[in-house]
Amino acid sequence: MEDTKLNFGMTIEQLNWITATISLIAQVLTLFSVGCRLRKRDFEYVEKGMCLGLFLQTMILPALGYIIANAFRLKQADALATLATSAAPVASYVGVLTYWAGGNVALSVLLSTMSTTLSIALLPMWFLLYSQLWGNHIFITVDPQDVSFYLCIVIFPVGAGMILQNIIPKFSNVLARQICSCAFLVEITLVAVITALVNPRQFDASWKVWSAAFVLPIVAHFIGFVSAFTLRLSYEKCIAISLAIGVSNSNIVISTGRRRFADSVDLLRLPEMYAVFAPIQGVVWALFFNRFSFITDKYPNLFGSREFDEV
């Protein structure tokens with residue numbers, strides 16, 4: 001199947017490699033540019049936000065996936081795919097979205113790294129637990145190499161950007177604006193197009209599957225923001241938590257599914273659709289948050305203090 005040639009002469013394996021390469025380069029560049037805008041002090045007073053974000057991502061999102069799968073009465077394969085996607089860790093590129101939105105980038109970076117590390121145990125646990133509700137006892141394992149890969153994508157580019165910020169602050173700020181504005185948009189556009197070419201069958205689904213893949217990130221974004229707002233976190237931290245909770249790393253689910261369920265297209269369909277929807281919706285939410293940032297000046301007591309909401 002992987003060696004099947006497409007109409008324009010390339011194999012599916014070659015296009016998959018091109019997609020992965022484009023995604024890797026773009027994410028490294030964008031996260032490097034995000035690191036160029038971070039300082040050590042930015043990681044202060046984030047404990048409360050990190051605890052809330054991890055609680056929502058590790059406990060609430062798997063339950064949300066189960067609720068959505070039941071609400072749309074998905075078939076077994078699609079329901080299990082929804083569960084796995086909702087239990088996946090925070091996407092590595094969420095720091096870019098938070099940067100665009102004017103949120104707390106340091107918090108989003110911490111949520112991405114911590115949730116990715118915890119996914120080694122939590123993703124298999126939640127998938128096993130909820131799969132039993134459909135009459136199956138399915139155990140999946142997350143490849144530690146996948147976890148290490150996504151951790152490296154976040155930690156090393158962000159760290160390199162922070163080092164450059166300390167050495168040449170003016171140059172790093174210019175570099176951040178130029179790279180961050182272009183690389184990520186190029187990635188989500190090209191990856192979406194290539195994914196459609198490589199896996200056209202992913203779009204051969206009922207409206208229920210389409211709706212579940214579309215609704216999952218929307219509801220997650222809303223839950224993240226409302227939860228942070230309820231706990232009186234600052235607007236910047238509300239943004240970071242909302243974007244982190246709303247964008248799961250479906251690539252981990254896809255790579256795991258290809259190893260564990262190579263012959264089941266249905267189990268890969270929803271995560272691949274989600275991989276197209278989630279970053280696009282993330283950009284829309286980021287622009288929305290950025291557009292309404294004036295609300296903190298107009299209503300200064302509506303959100304918690306930027307510096308002391310962790311005390």
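These legends describe close-up views of a predicted model.

**View 1. The whole chain is built from helices, with 13 helices and 0 strands.** From the N terminus on, every element in the run is α. The protein chain has 311 residues, and 53% of them count as buried. Take the contacts with a separation of 6 or more. Residues 24 or more positions apart make up 81% of these.

**View 2. The largest nonpolar core holds 79 residues.** Which of its residues touch the most other members? They are Leu38, Leu97, Trp100, Phe184, Ile241, Leu243 and Phe289. The next view picks out one of these, Ile241.

**View 3. Ile241 is in contact with residues from several parts of the sequence.** Neighbours within four places in sequence are left aside here. Among its partners are Gly49, Leu52, Gly53 and Leu56. Leu107 and Leu111 also touch Ile241. Gly224, Ala228 and Leu233 complete the list.

**View 4. Helices H5 and H6 pack against each other, and their axes come within 9 Å.** Two packed helices are described by the angle between their axes and by the distance between the axes. H5 covers residues 105-131, and H6 covers residues 144-167. The axes cross at roughly 160°. Angles over 145 degrees count as roughly antiparallel, so H5 and H6 are roughly antiparallel to each other. The crossing of H5 past H6 is left-handed.

**View 5. The contact of H5 with H6 involves nonpolar and polar residues, but no charged ones.** From H5 come Val109, Ser112, Thr113, Thr116, Thr117, Ser119 and Ile120. They meet Val147, Tyr150, Leu151, Val154, Ile155 and Val158 in H6. How many of the contact residues are nonpolar, and how many polar? The split is 8 nonpolar and 5 polar.

**View 6. Thr82 lies in helix H3, residues 76-86.** Is Thr82 buried or exposed? Its relative accessibility is 0%. Buried means under 20%, so Thr82 counts as buried. Not counting residues up to four places away in sequence, Thr82 touches Gly65, Ala69, Leu74 and Leu270. Ala213 is 131 residues from Thr82 along the chain, yet their C-alpha atoms are separated by 7.7 Å.

**View 7. Ala63 lies in helix H2, residues 47-71.** Ala63 has 23% relative accessibility and therefore counts as partly exposed. Where does Ala87 sit relative to Ala63? The two are 24 residues apart in sequence. In space, Ala63 and Ala87 are 8.6 Å apart, C-alpha to C-alpha.

Note on methods
Residues are numbered from 1 along each chain as its sequence is written. This is a predicted model: local features need pLDDT of at least 70, side-chain atom pairs count only at pLDDT 80 or more; totals for chains, interfaces and linings use all residues. Side-chain values use heavy atoms; hydrogens and water are left out. A nonpolar core is a set of buried Ala, Val, Leu, Ile, Met, Phe, Trp, Tyr and Cys residues joined through side-chain atoms within 4.5 Å. Buried means under 20% relative accessible area, exposed over 50%, partly exposed in between (1.4 Å probe, protein chains only). Contact means heavy atoms within 4.5 Å. Axes are lines fitted to C-alpha atoms, for helices over the stretch in contact, and angles run from 0 to 180 degrees between N-to-C directions. Helices (H or I, at least four residues) and strands (E, at least two) are DSSP runs, numbered from the N terminus. Angles under 35 degrees count as roughly parallel, over 145 as roughly antiparallel, 65 to 115 as roughly perpendicular and the rest as oblique. A crossing is left-handed if the near helix is turned anticlockwise from the far one by less than a right angle, and right-handed if clockwise. Ala, Val, Leu, Ile, Met, Phe, Trp, Tyr, Cys and Pro count as nonpolar, Asp, Glu, Lys and Arg as charged, and the others, Gly among them, as polar.
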